[in-house]
Amino acid sequence: MTGAQLRDPWPVVLVHGTRTSHSQWDLQLPALRAAGHPVHTPDLPGHGERRDEAFVLDDALTTILDAVTRAGTDSGLPVHLVGSSLGGMLAIHAAARLATGRADGAASDGTTNALGSLTACGAALQPSPLLARLYAGLIGLAEAVPGMGDGTAPLFVALLGADGARAYHRGGRADVSVVAPAFAALAGLDLAADLARIPVPVTFLHGRFDQMRWDEQAFVRAAPQARLELLPYGTHMVNLNAPHRFNADLLRVLARAQREHGRATGSGGS
């Protein structure tokens with residue numbers, strides 16, 4: 001990797017969580033772009049502009065893989081893959097698919113592996129089939145709260161803040177029916193095994209009160225280059241309810257991952 005590739009901000013692919021869309025990242029885009037990162041925010045099937053599609057695991061993975069490949073091809077640089085909740089767990093599996101098992105990022109056919117780092121937010125959980133069903137049921141119950149569908153429910157605004165609630169809903173809210181198949185698909189994955197196959201820096205970036213961090217220690221142990229960043233603030237949707245603090249921490253994590261990737265490839269960096 002050249003010195004310019006280490007200095008230039010790498011592109012970032014941001015993968016949203018359940019029932020929201022690309023707009024989940026509205027409050028991160030200005031900070032990332034101001035720091036020089038090209039940003040890609042795909043919608044998963046069943047979400048955002050693709051709400052009329054069924055959620056299918058293979059289609060979701062293809063969405064992420066295509067976004068990473070396109071970002072890498074367009075820039076000629078490795079790519080930071082960042083996912084939240086459902087998007088974070090899918091990003092783990094996608095990163096394992098991208099991984100070659102070689103720390104230098106070169107694929108066996110001589111091409112360049114586009115993946116530079118992985119950051120998972122609120123995604124240190126291995127759902128079981130039972131947990132997936134329970135979670136889908138709880139989300140269905142929450143749908144009965146007035147105003148949840150358009151983000152005006154007082155509880156929703158209290159949890160995310162007015163700006164966070166607007167960002168969550170701006171791209172449209174997926175139907176509750178998407179939750180069961182999405183989490184059933186996750187229950188069929190082995191995320192710890194996936195993490196063991198990822199040879200680039202991995203960061204679990206969690207809000208202090210995030211409920212989806214039950215397996216964070218096991219997940220950190222599983223990945224060769226993983227670390228845990230437990231923020232002293234924030235909930236499961238920390239990027240929405242504490243965006244300014246989160247943005248600073250995300251930029252710090254990405255910059256560190258870029259340096260660590262450079263050292264692992266023997267390209268230096270400070």
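**View 1. Thr 203 and its surroundings in strand β5 of a predicted model.** We start at Thr 203, a residue that sits in strand β5. Setting aside residues up to four places away in sequence, Thr 203 touches Leu 118, Thr 119 and Ala 120. Its other partners on that list are Arg 227, Glu 229, Val 253 and Arg 256. Is Thr 203 buried or exposed? Thr 203 has a relative accessible area of 4%, so it counts as buried. Please keep in mind, here and in every view below, that this is a predicted model.

**View 2. Gly 207, in the loop that follows strand β5.** Strand β5 covers residues 202-206 and helix α9 covers 216-222; Gly 207 belongs to the loop between them. How much of Gly 207 is accessible? The relative accessible area of Gly 207 is 0%, and therefore it is buried. Beyond its neighbours within four places in sequence, Gly 207 is in contact with Arg 213, Leu 230, Leu 231 and Tyr 233. Gly 234, Thr 235 and Val 238 complete that set of contacts. Look also for Glu 229: this residue is 22 residues away from Gly 207 along the chain, yet their C-alpha atoms are separated by 8.7 Å.

**View 3. Gln 28 and Arg 19, two residues of the loop between β1 and α2.** This loop runs between β1 (12-15) and α2 (29-34), and Arg 19 is found in it. Arg 19 is not a glycine, but it has a positive phi of about 75°. With 4% relative accessibility, Arg 19 counts as buried. Gln 28 has its place in the loop between β1 and α2 as well. What is the relative accessibility of Gln 28? The value is 1%, so Gln 28 counts as buried. If residues up to four places away in sequence are not counted, Gln 28 touches Asn 239, Pro 243, Phe 246, Asn 247 and Leu 250.

**View 4. Ser 85, in the loop between β3 and α4.** Strand β3 spans residues 79-84, and Ser 85 lies in the loop between this strand and α4. Here is another backbone detail to look for: the phi of Ser 85 is near 55°, a positive value in a residue other than glycine. Ser 85 has a relative accessible area of 4%, so it is buried.

**View 5. Helix α4 packed with helix α7.** Two packed helices are described by the angle between their axes and the distance between the axes. Helix α4 takes in residues 86-98 and helix α7 takes in residues 179-187. They pack at an angle of about 35°, and their axes are 11 Å apart. The crossing of these two helices is left-handed. Which residues of the two helices meet? From α4 come Leu 86, Met 89 and Leu 90, and from α7 come Ala 182, Phe 183 and Leu 186. This contact has 6 nonpolar residues, with no polar and no charged ones.

**View 6. Helix α3 crossing helix α4.** Helix α3, residues 57-75, crosses α4 at roughly 65°, and the axes of the two come within 10 Å. Here the crossing is right-handed. On the α3 side you will find Leu 57, Ala 60, Leu 61, Ile 64, Leu 65 and Val 68. They meet Leu 90, Ala 91, His 93, Ala 94, Arg 97 and Leu 98 in α4. By class, the α3 and α4 contact divides into 10 nonpolar residues, 1 polar and 1 charged.

**View 7. The nonpolar cores.** The largest nonpolar core holds 48 residues. Leu 81, Leu 90, Ile 198 and Phe 204 have the most contacts inside this core. Which element gives the largest share of the core? Helix α4 does, with 9 residues. Ile 198 is a good place to look around: leaving aside neighbours within four places in sequence, it is in contact with Ile 92, Ala 95, Ala 96 and Ala 99, along with Leu 115, Leu 118 and Pro 224. Another core, of 17 residues, lies apart from the largest one and includes Trp 25, Leu 231, Tyr 233 and Ala 242.

**View 8. The whole chain, for orientation.** The chain has 11 helices and 6 strands. Of its 270 residues, 54% count as buried. Among contacts between residues at least 6 apart in sequence, 78% join residues at least 24 apart. The chain exposes about 11,000 Å², and carbon and sulfur atoms supply 56% of that area.

Technical notes. Residues are numbered from 1 along each chain as its sequence is written. This is a predicted model: local features need pLDDT of at least 70, side-chain atom pairs count only at pLDDT 80 or more; totals for chains, interfaces and linings use all residues. Side-chain values use heavy atoms; hydrogens and water are left out. Axes are lines fitted to C-alpha atoms, for helices over the stretch in contact, and angles run from 0 to 180 degrees between N-to-C directions. Helices (H or I, at least four residues) and strands (E, at least two) are DSSP runs, numbered from the N terminus. A crossing is left-handed if the near helix is turned anticlockwise from the far one by less than a right angle, and right-handed if clockwise. Contact means heavy atoms within 4.5 Å. Ala, Val, Leu, Ile, Met, Phe, Trp, Tyr, Cys and Pro count as nonpolar, Asp, Glu, Lys and Arg as charged, and the others, Gly among them, as polar. A nonpolar core is a set of buried Ala, Val, Leu, Ile, Met, Phe, Trp, Tyr and Cys residues joined through side-chain atoms within 4.5 Å. Buried means under 20% relative accessible area, exposed over 50%, partly exposed in between (1.4 Å probe, protein chains only). Accessible areas come from the Shrake-Rupley method with a 1.4 Å probe; for residues, only the protein chains shown count as cover.
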